[in-house]
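Trainee: Could you take one part of this model and go through its surroundings closely, step by step, so that I can follow along in the structure?

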Amino acid sequence: MDHIDQVLALLELEGRERDVFVGQHPDTEQQRTFGGQVMAQALAAVYRTVPNDRLCHPLKGYFLRPGSTAAPIVYAVTRTRDGGSFTTRGVTAL
């Protein structure tokens, strides 16, 4: 599997329940989760909760603690607003 395929596989999240998704880590010896991976998976989770015609405009994140690779990451999406031209989502990664 080449690098692009590995990245795309990481973006395939498992749906657990409404607005809850689980992401995996790459096979690595790292002891912490890479922030870019968390942001990409969080955005992938959001895109599963919005209409297909919506695109991400601003994206920001706060990393409050180091992430562990010992367990999968659970992404809980909060549906803040569904308007006529804007959709707002919040994501908590656990």
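Mentor: Before we begin, a word on terms: two residues are in contact when heavy atoms of theirs lie within 4.5 Å of each other. The model is a predicted one, and the part I would choose is His25, which is placed in the loop between β2 (20-23) and α2 (35-47). With neighbours within four places in sequence left aside, His25 is in contact with Leu10, Thr33, Gln37, Ser68, Thr69, Ala71, Pro72 and Ile73. Is this histidine buried or exposed? The cut-off for buried is a relative accessible area under 20%, and His25 has a relative accessibility of 15%, so His25 counts as buried.

Two of the residues on that contact list also take part in polar contacts with the histidine. The side chain of His25 reaches the backbone oxygen of Ala71 at 2.8 Å, and a polar atom of that side chain lies 3.3 Å from the backbone oxygen of Ser68.

Another contact of His25, Ile73, leads on to the interior, since Ile73 is also a member of the largest nonpolar core. This core has nine residues in all, and Ile73 is joined there by Leu13, Phe21, Val38, Ala42, Ala44, Ala45, Tyr75 and Val77. Two elements, α2 and β3 (73-82), give two or more residues each to the core, and the largest share, four residues, comes from α2. Within this set, Ala45 touches Leu13, Phe21, Tyr75 and Val77, when residues up to four places away in sequence are not counted.

From the core it is natural to turn to the strands. The strand β2, which precedes the loop of His25, runs antiparallel to β3 and is joined to it by four bridges; one of the pairings places Val20 with Ala76 of β3 as its bridge partner. On β3 there is also a pairing with β4 (residues 87-93), again in the antiparallel sense and over seven bridges, and a hairpin of four residues connects β3 to β4. Along this pairing, Tyr75, which belongs to the core, stands opposite Ala93 in β4, while Arg81 stands opposite Thr88 of that strand.

To return to the starting point, His25 is a buried residue whose side chain reaches the backbone oxygen of Ala71 and whose contacts include Ile73, itself a residue of the largest nonpolar core.

Note on methods. Residues numbered from 1 in each chain as written. Predicted model: local features only at pLDDT ≥ 70, side-chain atom pairs only at ≥ 80, totals over all residues. Heavy atoms only, no water. Buried < 20%, exposed > 50% of the residue type's maximum accessible area, 1.4 Å probe, protein only. Polar contact = N/O pair within 3.5 Å; in protein donor to acceptor, adjacent residues only side chain to side chain. Core = buried A, V, L, I, M, F, W, Y, C linked by side-chain atoms within 4.5 Å. Pairing = 2+ DSSP bridges.
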